[in-house]
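Look over the chain shown here before reading on. The tour starts at one side chain and then widens.

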Amino acid sequence: MASPCLTSAPYGRWRKSARRAGLGLAALVVGVACAALGTGLGTGLPPVHAMPAPIDDTPPEDPSGPIIEDDTRPDVVVDSITAPVRNIRLVKGRSVSLPVMVRGTFPTDSEVVTWQSSNAHIEVTPPNTVMEGPSDGSFRAPLNRESVIRIAGDSLGSSTLTLAAPGGANVSVKVRVVTTSVKVKSVTITKKKAKLSPGAVAVLAAKPGPATATGVIVRWESSRKKVATVDADGRLVARGTGKTVVTASAGTKKARFTVTVK
């Protein structure tokens with residue numbers, strides 16, 4: 001029986017042309033090659049069967065590469081926690097808002113700060129609460145920006161509110177809950193710096209009076225923020241040349257001084 005490969009029409013035409021050209025050996029070679037690709041029928045050669053290609057079961061590589069833990073990224077470093085006052089007298093049943101500054105370095109823009117009250121005379125409500133208990137908890141504080149903590153007087157007595165961050169930075173504020181309200185009568189700037197160069201930093205301080213005044217928190221303001229800014233804790237930063245008026249307020253009482261940046 002003749003091989004289908006050798007009897008195909010294209011091959012027949014080529015074979016006739018080869019014979020006329022005297023290429024008998026070439027025709028034989030082509031026949032053998034055709035047999036190797038087919039069944040080999042009519043050629044006297046054993047049939048050749050194609051072997052399947054081996055299956056590669058190796059999992060493909062992740063184009064993003066292996067996951068490597070980055071241990072070189074710096075941790076958040078909290079340099080300080082500050083408040084504008086360290087002593088607060090509060091009438092029972094009333095509350096006060098205490099601004100707190102948490103200063104530090106990046107890579108993140110916030111850090112978890114813990115708080116603890118020495119007893120249950122006060123109720124503490126921080127912003128962005130992470131965990132809260134009857135006398136302690138934690139909250140996420142933005143770095144280098146103001147956080148406001150609400151403190152309410154629950155019962156008569158004294159408590160110490162302590163705020164702390166990883167690394168050891170902390171601040172303590174003593175809170176005394178009383179029965180009688182006392183109005184603030186004055187505020188005095190006790191620490192100031194009137195002349196600064198651009199980029200310089202100074203820390204201001206003010207004292208409200210009398211010492212028995214209740215619900216008093218000192219607040220700071222600069223009339224020209226392009227010249228100098230003042231944070232809630234009295235940190236003054238000179239921004240540009242010129243003059244600005246810095247004001248310390250305690251209730252309805254105010255004290256002012258002029259800062260010159262040049």
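In this predicted model, a polar atom of the S117 side chain lies 2.6 Å from the backbone oxygen of N119. That is a polar contact (a pair of N or O atoms within 3.5 Å; within protein, one must be able to donate a hydrogen and the other to accept it, and residues adjacent in sequence count only if both atoms are side-chain atoms). S117 belongs to strand β4, residues 110–117. Helices (H or I, at least four residues) and strands (E, at least two) are DSSP runs, numbered from the N terminus. Is S117 buried or exposed? S117 is buried, because its relative accessible area is 4%. Buried means under 20% relative accessible area, exposed over 50%, and partly exposed in between, with a 1.4 Å probe and protein chains only. Leaving out residues up to four places away in sequence, S117 touches I122, S135, S159 and T160. Contact here means heavy atoms within 4.5 Å.

A word on the ground rules. Residues are numbered from 1 along each chain as its sequence is written, and side-chain values use heavy atoms, with hydrogens and water left out. Since the model is predicted, local features need pLDDT of at least 70 and side-chain atom pairs count only at pLDDT 80 or more, while totals for chains, interfaces and linings use all residues.

Now the whole protein. It has 2 helices and 19 strands. Of its 262 residues, 36% are buried. Take the contacts between residues at least 6 apart in sequence: 62% of them join residues at least 24 apart. The accessible surface comes to about 16,000 Å², by the Shrake-Rupley method with a 1.4 Å probe; for residues, only the protein chains shown count as cover. Carbon and sulfur atoms account for 55% of that surface.

Next, a sheet. Strands of a sheet pair through backbone hydrogen bonds, either parallel or antiparallel. One open sheet has 3 strands in the order β13-β17-β16, with antiparallel pairing. Two strands count as paired if DSSP finds at least two bridges between them. β13 (201–203) and β16 (228–230) stand at the edges; each has a single partner strand, so one side of each is left without a neighbour in the sheet. From one strand to the next, the twist averages 20°. The axes behind such angles are lines fitted to C-alpha atoms, for helices over the stretch in contact, and angles run from 0 to 180 degrees between N-to-C directions. β13 pairs with β17 (residues 235–238) in the antiparallel sense over 3 bridges. Within this pairing, A202 stands opposite L236 in β17.

Charged side chains come next. The structure holds 2 salt bridges, each a side-chain nitrogen of Lys or Arg within 4 Å of a carboxyl oxygen of Asp or Glu. One joins D231 to R103, with the closest N and O atoms 2.4 Å apart. This pair links distant parts of the chain: D231 is in the loop between β16 and β17, R103 is in strand β3 (residues 95–105), and their positions lie 128 residues apart in sequence. The other joins D233 to R103, with the closest N and O atoms 2.5 Å apart. D233 also lies in the loop between β16 and β17, so its pair with R103 in β3 ties together parts that are 130 residues apart in sequence. The shared partner joins R103, D231 and D233 into one network. How covered are they? R103 is buried, at 11% relative accessible area. D233 is buried, also at 11%. D231 counts as partly exposed, at 23%.

Some loops have backbone features to look for. A cis peptide bond joins G209 and P210, with omega about 0°. P210 lies in the loop between β14 and β15. T212 is in the loop between β14 (205–209) and β15 (219–222). T212 counts as partly exposed because its relative accessibility is 37%. Beyond its neighbours within four places in sequence, T212 is in contact with R89 and V182. N128 is not a glycine, yet its phi is positive, about 50°. N128 lies in the loop between β5 (122–125) and β6 (129–132), and counts as exposed at 52%.

The last stop is T260, in strand β19 (residues 253–261). T260 is buried, because its relative accessible area is 19%.
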